[in-house]
Amino acid sequence: MKRVISISLGSSKRDHQAMTEFGGEMFSIERIGTDGDKNKAIQLIKELDGKVDAFGMGGTDLYIYAGKKRYTFKESARIAAAAKHTPIVDGSGVKNTLERRVVQHLKEKEGITFNDKQVLVVCAVDRFGLAEELIAAGSQVVFGDLLFGLGLPIPIRNLGTLAILARVIAPIITRLPIEMFYPTGEKQTQNIPRFSQYFEQAEFIAGDFHFIRRFMPASLKGKSVITNTVTQKDEELLRDRGVKTLITTTPEIGGRSLGTNVLEAILVTLLGKRPEEITAVDYGRILKELEIMPRIKRLSD
């Protein structure tokens with residue numbers, strides 16, 4: 001049996017264990033939250049290093065991309081460095097391939113089109129592939145990177161501006177403490193509405209669930225949400241807020257959608273390569289072989 005563990009800076013209240021089968025292999029999957037404690041995360045990785053098949057890193061990103069250039073988060077790299085033997089991934093390797101396929105799948109298989117639809121992507125610099133596909137599909141998109149990442153009242157409305165922003169801010173934010181721009185620990189369970197008008201104007205709300213949960217308004221009536229790492233309690237919350245359709249980019253295992261870091265850890269295990277040896281073509285091929293498809297769930301009428 002293969003064993004994958006996600007070490008997350010998020011809330012321990014979201015911890016989870018499940019058994020499932022991928023590619024003919026049985027997997028034991030576990031998520032351990034450290035409530036924002038980076039030293040605890042490092043200690044857990046050291047204790048489990050060499051004893052599991054792959055680590056996922058949750059509650060933070062290890063890398064961010066600006067065009068073709070990759071930037072490394074300093075604090076995340078320090079955590080990841082605790083793994084000397086076991087591969088550790090943050091989901092960024094598979095995210096670009098996976099999330100591009102979602103827009104295409106929704107159009108081709110479900111008849112859900114995005115042409116002229118109002119879409120809010122709460123943070124796009126870590127989901128550039130999704131951003132590109134939404135624009136290519138004809139969406140009217142607001143990218144909320146400055147709104148929700150930095151609290152600045154500046155919506156971004158085109159990919160060119162987003163790319164410039166990414167090149168400018170990536171070298172800066174990757175050197176800052178993670179909690180300055182991303183909800184960790186108990187902040188992942190708190191809701192402080194911000195810039196609600198952009199949620200209200202959008203028909204589709206897409207991106208990282210922790211950003212959505214933290215900043216969404218009291219009502220999301222009739223909206224469709226495209227995200228991942230959603231628990232049953234999260235689904236109940238979205239249903240209570242009036243969300244019509246929930247679309248997760250990863251499949252459901254044990255009552256929740258997989259985090260991209262967990263899915264990537266599973267794929268790394270199956271491919272039998274070090275993460276740095278795996279290409280986008282490799283990820284695309286194995287995602288197709290495993291028939292990994294978005295999950296679509298109607299929450300209300």
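## A walk through two domains

Start at the meeting of the two domains: 38 residues of domain 1 are in contact with 41 residues of domain 2. Keep in mind throughout that this is a predicted model. To colour the halves of that contact, use the domain assignment, which gives domain 1 as 2-91 + 255-295 and domain 2 as 95-252. With both coloured, you can place their C-alpha centres, which lie 21 Å apart.

**Stop 1: the interface**

Show the surface between the two colours. Domain 1 and domain 2 bury about 3,600 Å² between them, and 57% of that is on carbon and sulfur atoms. Now select Arg14, Pro294 and Arg295: these supply 21% of the area that domain 1 buries against domain 2, more than any other three residues.

Next, turn to the charged and polar pairs. How many salt bridges are there between domain 1 and domain 2? The count is five. While you have charged side chains displayed, select Glu179 and Lys38, whose side chains meet in a salt bridge at 2.9 Å, N to O. Across the interface of domain 1 and domain 2 there are also 14 residue pairs in polar contact, with both residues at pLDDT 80 or more.

Which elements give two or more residues to the side of domain 1 that touches domain 2? Select β5 (63-66), β6 (69-72), α2 (74-80), β14 (256-257), α10 (260-271) and α11 (280-289) to see them. Of these, α11 gives the most, with five residues.

**Stop 2: the five-stranded sheet**

Switch to a cartoon view and find the open sheet of five strands, ordered β2-β3-β1-β4-β7 with mixed pairing. Its edge strands are β2 (16-22) and β7 (88-89), each pairing on one side only. Zoom in on β2 and strand β3 (residues 25-33): these run antiparallel and are joined by seven bridges. To pick out a partner pair, select Glu21, whose bridge partner in β3 is Met26.

Now add helix α1 (residues 38-48). This helix lies across β1 (2-8), β3, β4 (54-58) and β7, and runs at about 165 degrees to β1.

Stay with this sheet and show the side chains of Glu30 and Arg3. They form a salt bridge, with the closest N and O atoms 3.9 Å apart. Because Glu30 lies in strand β3 and Arg3 in strand β1, the pair ties together parts that are 27 residues apart in sequence. If you would like to look for others, the structure holds 19 salt bridges.

**Stop 3: the six-stranded sheet**

Move to the other open sheet, which has six strands in the order β9-β8-β10-β11-β12-β15, again with mixed pairing. The edges here are β9 (140-143) and β15 (295-298), each of which pairs on one side only. Look along the strands and you can follow a twist that averages 15 degrees from one strand to the next.

Select strand β8 (residues 118-121) and strand β10 (residues 204-206). Do they run parallel or antiparallel? They run parallel, joined by three bridges. Within this pairing, Val119 has Phe204 in β10 as its bridge partner.

**Stop 4: Arg157**

Finish at Arg157, in the loop between α5 (145-149) and α6 (159-173). Leaving aside neighbours within four places in sequence, Arg157 is in contact with Val141, Val142, Phe143 and Tyr198. For a last distance, draw a line from Arg157 to His85: the two are 72 residues apart in sequence and 43 Å apart in space, C-alpha to C-alpha.

Definitions and conventions
Residues are numbered from 1 along each chain as its sequence is written. This is a predicted model: local features need pLDDT of at least 70, side-chain atom pairs count only at pLDDT 80 or more; totals for chains, interfaces and linings use all residues. Side-chain values use heavy atoms; hydrogens and water are left out. Two strands pair if DSSP finds at least two bridges between them. Helices (H or I, at least four residues) and strands (E, at least two) are DSSP runs, numbered from the N terminus. Contact means heavy atoms within 4.5 Å. Axes are lines fitted to C-alpha atoms, for helices over the stretch in contact, and angles run from 0 to 180 degrees between N-to-C directions. Domain bounds come from an automatic or database domain assignment. Buried area is the accessible area (1.4 Å probe) that two parts lose on being put together, summed over both. A salt bridge is a side-chain nitrogen of Lys or Arg within 4 Å of a carboxyl oxygen of Asp or Glu. A polar contact is a pair of N or O atoms within 3.5 Å; within protein, one must be able to donate a hydrogen and the other to accept it, and residues adjacent in sequence count only if both atoms are side-chain atoms.
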